[in-house]
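What follows is a walk through a predicted model. Please keep the sequence and the coordinates at hand while reading.

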Amino acid sequence: MIHEIEDIEQERVRLSRRPARDDAPPVLCAFDVRTSGSVTEFATRVRSVLTPALQLAVSQPFTGEDLPIDAIPDWFVAAGRPGAVSVPDFALRGVELYEAAIGGGPWDLQEWLYQFDPDSEFRGWAWWDLTHSSDRETRIWVDTWGESFFACDELRWLAYVSGGKEVGGPTLVRAPDWIAATRV
């Protein structure tokens with residue numbers, strides 16, 4: 001799925017503030033995440049990674065060269081490096097849980113960042129919102145253009161290494177459910 005620069009800019013806006021009710025598509029996809037810590041910490045970590053990733057998507061040429069990683073949080077960079085010693089416990093546990101759930105190893109950072117290439121058809125979702133379900137449960141909302149089956153392992157990776165204990169979904173959900181949810 002090709003992501004136009006305008007669409008990526010809208011994702012960046014949605015990371016920092018809740019989208020308008022009227023902007024919601026009729027159907028969104030949701031990932032239910034049970035966190036190892038507070039939902040607020042989890043949300044902060046997710047946004048701290050997605051913000052620079054989406055900035056790279058609108059500012060860098062994706063020519064096969066390594067993308068700059070100076071704006072990516074150190075803990076996220078370390079999580080993708082097997083044997084790294086500076087991985088915080090939440091991220092290290094997330095790597096283990098991701099590997100158990102998906103059956104693959106950790107994501108290479110550059111490969112993960114290249115999922116945000118605007119011309120790539122691999123990333124099948126666009127960020128929509130993150131809402132609070134309970135003390136340790138949150139819901140990640142993404143726009144998938146109504147598709148229930150799409151590439152999303154890079155999003156699962158982010159959720160697990162940001163402190164997710166369990167990541168369920170995706171599930172198609174009608175927009176009124178998102179509207180009724182509480183934003184983190």
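Phe76 has a relative accessibility of 2%, and because buried means under 20%, Phe76 counts as buried. Trp112 is in a similar position on that scale: at 1% relative accessibility, Trp112 also counts as buried. The two side chains belong to a set of ten aromatic pairs found in a search of the whole structure. The ring centres of Phe76 and Trp112 are 4.8 Å apart and the planes make 65 degrees, so this pair is edge-to-face. Phe76 sits in helix 3 (residues 74-79) and Trp112 in helix 5 (residues 109-114), so the pair ties together parts of the chain that are 36 residues apart in sequence.

Trp112 has a further ring partner, Phe116, in a tilted arrangement with 4.9 Å centre to centre and 55 degrees between the planes. Phe116 is buried, as is Trp112. Ring pairs extend this into a cluster made of Trp75, Phe76, Phe90, Trp112, Phe116 and Trp125.

Another aromatic residue, Phe122, is found in the loop between helix 5 and strand 2. Is Phe122 buried or exposed? Its relative accessibility is 60%, and exposed means over 50%, so Phe122 counts as exposed. Between the C-alpha atoms of Phe122 and Glu65, which lie 57 residues apart along the chain, the separation is 18 Å.

The next topic is the order of the elements. The chain contains seven helices and five strands, and read from the N terminus they follow the pattern α-β-α-α-α-α-β-β-α-β-α-β. The five strands make up an open sheet with the order 4-1-3-2-5 and antiparallel pairing. At its edges stand strand 4 (164-174) and strand 5 (182-183); each has a single partner strand, so one side of each is left without a neighbour in the sheet. Helix 1 (residues 5-16) packs on the sheet, where it touches strand 2 (126-134) and strand 5, and its direction makes about 20 degrees with that of strand 2.

Strand pairing in a sheet runs through backbone hydrogen bonds, in a parallel or an antiparallel sense. Here, strand 1 (residues 27-35) pairs with strand 3 (residues 137-143) in the antiparallel sense over six bridges. Within this pairing, Arg34 is placed opposite Glu137 of strand 3.

Helix 6 (residues 153-161) can be described by its burial. Eight of its nine residues are buried, so helix 6 is largely enclosed by the rest of the structure. The buried residues are Glu154, Leu155, Arg156, Trp157, Leu158, Ala159, Tyr160 and Val161, a list in which Glu154 and Arg156 appear alongside Leu155 and Leu158. Just after helix 6, Gly163 adopts a positive phi of about 120 degrees.

Some totals for the chain complete the picture. For 184 residues, a compact globule would have a radius of gyration near 16 Å, and the value for this chain is 15 Å, which agrees. Along the principal axes, the C-alpha atoms fill a box of roughly 45 × 40 × 25 Å. Of the 184 residues, 48% are buried. The exposed area of the chain is about 8900 Å², of which carbon and sulfur atoms supply 48%. Among contacts between residues at least 6 apart in sequence, 79% join residues at least 24 apart.

Notes:
Residues are numbered from 1 along each chain as its sequence is written. This is a predicted model: local features need pLDDT of at least 70, side-chain atom pairs count only at pLDDT 80 or more; totals for chains, interfaces and linings use all residues. Side-chain values use heavy atoms; hydrogens and water are left out. Two strands pair if DSSP finds at least two bridges between them. Helices (H or I, at least four residues) and strands (E, at least two) are DSSP runs, numbered from the N terminus. Contact means heavy atoms within 4.5 Å. Axes are lines fitted to C-alpha atoms, for helices over the stretch in contact, and angles run from 0 to 180 degrees between N-to-C directions. Buried means under 20% relative accessible area, exposed over 50%, partly exposed in between (1.4 Å probe, protein chains only). The radius of gyration is taken over C-alpha atoms; the globule rule is 2.2 Å times the number of residues to the power 0.38. Accessible areas come from the Shrake-Rupley method with a 1.4 Å probe; for residues, only the protein chains shown count as cover. Rings of Phe, Tyr and Trp (its six-membered ring) pair if their centres lie within 6.5 Å; planes under 30 degrees apart count as stacked, over 60 as edge-to-face and the rest as tilted.
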